[in-house]
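User: I'm new to reading structures and would love a close look at one part of this one. Could you walk me through it slowly?

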Amino acid sequence: MIGFEAACRVSLDRRALDPVVLVEKLTIWRAPRRRPVDHVEGKKPLVGIKSREIYEAPAATVIHRAHRALEGLTLTKDTLRFNRTVADELAQLTYDGLWFSALHRDSPGYPASSQRV
């Protein structure tokens, strides 16, 4: 069981853990059931190519799924829908290297508000 506070993972099995230790424990626990993410990514707008990429992040996958499950129990349908829209936009801005753009700078306010305790 992963414990969250204001959307940040803070505990594992009801024991408070440093984030690095928590990720290490989840990585070790998840190792036998590891499934890499394999997909083709279209980078055409940026560099004109497609690439096949394989990612393996077992701890991040477990934390992300646990947080989504918690949100599903606590947030309204409209908030969940809008969270996905904002998350997709932030991810695209980050991926495109627009970290310092005005839109990226102003966008984190909503997720912080929706995750308040």
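Which glycine follows H4, and what is its phi? Please tell me about that helix too, and what is around it.

Analyst: Happy to, and keep in mind that this is a predicted model. The residue you're after is glycine 97, which follows H4 and has a positive phi, near 80°.

Now step back into the helix itself. H4 covers residues 77–95, which makes 19 residues. At 1.5 Å a residue, that helix should span 27 Å, and the C-alpha atoms at its ends are indeed 27 Å apart, so the two values agree.

Next, look at which side chains are tucked away. Buried here means under 20% relative accessible area, and in H4 the residues that qualify are Leu80, Asn83, Val86, Leu90 and Leu93. If you look down the axis of H4, these buried residues sit within an arc of 150°, so they line one face of the helix. Turn to the other side of H4 and you'll find Lys77, Arg84 and Asp88 exposed.

So what covers that buried face? Among the elements covering the buried residues of H4 are H3, helix H5 (102–106) and helix H6 (109–114).

H3 is a nice one to follow further. This helix, residues 58–74, lies across S1 and S2, at about 65° to S1. Those two strands belong to an open, antiparallel sheet of three, ordered S1-S2-S3. S1 (2–5) and S3 (15–16) are at the edges with a single partner strand each, so one side of each has no neighbour in the sheet. Between S2 (residues 8–12) and S3 there are two bridges, and leucine 12 is opposite arginine 15 in S3.

Key
Residues are numbered from 1 along each chain as its sequence is written. This is a predicted model: local features need pLDDT of at least 70, side-chain atom pairs count only at pLDDT 80 or more; totals for chains, interfaces and linings use all residues. Side-chain values use heavy atoms; hydrogens and water are left out. Two strands pair if DSSP finds at least two bridges between them. Helices (H or I, at least four residues) and strands (E, at least two) are DSSP runs, numbered from the N terminus. Contact means heavy atoms within 4.5 Å. Axes are lines fitted to C-alpha atoms, for helices over the stretch in contact, and angles run from 0 to 180 degrees between N-to-C directions. The expected span of a helix is 1.5 Å times one less than its number of residues. Buried means under 20% relative accessible area, exposed over 50%, partly exposed in between (1.4 Å probe, protein chains only). The arc is that of the directions from the helix axis to the C-beta atoms.
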